[in-house]
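Biologist: I would like a close look at a single part of this protein, the nonpolar patch on its surface. Which residues form the patch, and how does the rest of the chain compare with what is found there?

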Amino acid sequence: MTPEDHLEFLNAVWTRRPTFTYVFFALNIVVFVLMALAGGSTNELTLMAFGVKSNPEIVHGQWWRFVTPIFIHIGMLHLIFNSYALWIVGPQVEKLYGGARFVILYVLTGVAGVYGSYFYHPNTISAGASGAIFGLFGVLLVFGLRYRSSIPPFFARAVGTGVLPVIVLNLIIGFSIPAIDNSAHISGLLMGAILAGVVPYQKPGAETHRAFEAVQIALLALVAVCFFQVGTHYDGPGLSVRNLGRSFTQILSTSSSTTGEFIEAINTAQKTFEDSAHEIESGNAANIARTRAGISKSIDQLRKIPSLAANSDRVVADLLRVMRDQYELVQDIERSGTVTLAQSQRLKENSARYEMVMGAFSKWVDAEGKKYGIQREPPQ
């Protein structure tokens with residue numbers, strides 16, 4: 001039989017609402033969606049703009065990168081695994097410690113994880129909630145040991161030594177996969193253990209101490225300020241709905257081809273337009289017909305091209321209109337079987353518009369292209 005005081009303990013603890021677990025869970029998803037709109041969470045330009053851990057930027061004063069990586073995830077699988085872990089372990093810790101202390105534990109262990117990566121892996125970017133999640137496991141481990149004589153024995157075993165296999169297994173996985181930053185995991189774990197040794201849990205029925213509430217408010221304000229800094233210094237790709245589909249299909253990839261797709265679409269449009277113009281000028285109706293498939297493919301690529309910036313979007317829209325007009329011209333020539341004077345005049349008009357668009361594109365590359373890893377090839 002379970003003693004009555006133990007039942008009261010369990011009932012009082014587990015009826016608490018894990019509000020901030022759900023807040024942080026939602027924040028992870030909101031950030032991921034915003035990154036998807038900006039080209040995807042595996043796009044390095046987007047990652048850097050949203051505030052991943054990057055030592056050179058931190059050294060140059062971007063201190064907020066010690067906090068923002070806690071809420072950034074690289075790829076869909078990364079988000080799913082960490083969100084699932086937070087959903088499982090977060091409520092346990094928050095129900096034991098209360099909302100104010102949970103915020104303190106989560107944010108500080110997350111920052112410790114980022115610092116561990118900053119110190120031990122200075123040459124790579126990193127992000128993710130796993131440092132904070134390991135911190136929560138460290139909290140549960142120490143909690144079960146620290147309060148083993150004053151809480152139900154089976155509960156002490158479950159949250160104490162019961163989490164050891166989970167910790168050990170995940171650390172082994174981390175050491176086995178080079179892409180996983182175990183320094184963040186270990187740093188978060190150690191910080192969680194230390195904090196659990198210092199911060200007392202919130203006993204059933206006890207009021208939250210004002211000191212913990214003050215620290216909680218300060219840390220939540222810090223998170224808000226850090227993302228405000230991200231917004232103020234944002235220099236990544238523009239947010240566009242058309243980036244969503246590509247972003248949410250980047251499940252296994254750890255690198256993005258956003259810029260590569262953009263360049264390929266522009267290059268394809270250039271080649272197909274110029275080839276079709278050459279064939280029309282030559283007057284060979286059979287060859288002109290073969291260019292129609294290339295123009296169609298180019299139009300499809302331009303429709304799906306990643307959005308990088310407002311200015312580049314305008315250029316792409318103008319280029320798409322030119323390519324559609326060129327496609328209609330080729331269709332007309334196919335139907336007539338010859339190139340008429342009117343069709344030659346339409347080609348001149350399309351070519352003039354094409355040159356204007358490509359001139360605008362060149363100006364955009366010179367002004368902003370470097371930021372996106374795009375530059376013009378030097379003249380031969």
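Modeller: Happy to take you through it, starting at the surface. In this predicted model, Tyr 22, Tyr 84, Trp 87 and Ile 88 come together as a nonpolar patch, and their accessible area adds up to about 460 Å². Helix H5, which covers residues 76–120, provides the largest share of the patch, three residues. Trp 87 is one of the residues located in helix H5. Trp 87 counts as partly exposed because its relative accessible area is 44%, and values between 20% and 50% fall in that class.

Now let us go from the surface to the interior. In soluble globular proteins, nonpolar side chains tend to be buried together. Here, the largest nonpolar core has 50 residues, and the members that touch the most others are Phe 24, Val 93, Tyr 97, Tyr 106 and Phe 143. At least two residues of this core come from each of H2 (19–37), H5, H6 (130–146), H7 (153–159), H8 (164–176), H9 (182–198) and H10 (210–232). H5 appears again here: with 14 residues, helix H5 gives the most to this core.

Phe 24 is a good residue to click on. Apart from neighbours within four places in sequence, Phe 24 is in contact with Phe 71, Leu 86, Phe 102, Val 103, Tyr 106, Val 107 and Leu 220. There is also a second, separate core, made of 32 residues, and among them are Val 322, Leu 329, Phe 361 and Val 365.

For a contrast with Trp 87, try Tyr 147, in the loop between H6 and H7. Tyr 147 is buried because its relative accessible area is 11%, and the cut-off for buried is under 20%. Beyond the neighbours within four places in sequence, Tyr 147 is in contact with Val 199, Pro 200 and Tyr 201. The C-alpha atoms of Tyr 147 and Gly 160 are 9.3 Å apart, while 13 residues separate the two along the chain.

Finally, zoom out to the whole protein. The chain has 15 helices and zero strands, and 47% of its 380 residues count as buried. Its C-alpha trace spans about 100 × 45 × 35 Å along the principal axes. The radius of gyration is 28 Å, whereas a compact globule of 380 residues would be near 21 Å. As for the outside, the accessible surface comes to about 18,700 Å², and carbon and sulfur atoms account for 61% of that area.

Technical notes:
Residues are numbered from 1 along each chain as its sequence is written. This is a predicted model: local features need pLDDT of at least 70, side-chain atom pairs count only at pLDDT 80 or more; totals for chains, interfaces and linings use all residues. Side-chain values use heavy atoms; hydrogens and water are left out. Patches are made of residues with over 30% relative accessible area and no salt bridge: like charges are joined within 9 Å, nonpolar side chains (Val, Leu, Ile, Met, Phe, Trp, Tyr) within 5 Å. Accessible areas come from the Shrake-Rupley method with a 1.4 Å probe; for residues, only the protein chains shown count as cover. A salt bridge is a side-chain nitrogen of Lys or Arg within 4 Å of a carboxyl oxygen of Asp or Glu. Helices (H or I, at least four residues) and strands (E, at least two) are DSSP runs, numbered from the N terminus. Buried means under 20% relative accessible area, exposed over 50%, partly exposed in between (1.4 Å probe, protein chains only). A nonpolar core is a set of buried Ala, Val, Leu, Ile, Met, Phe, Trp, Tyr and Cys residues joined through side-chain atoms within 4.5 Å. Contact means heavy atoms within 4.5 Å. The radius of gyration is taken over C-alpha atoms; the globule rule is 2.2 Å times the number of residues to the power 0.38.
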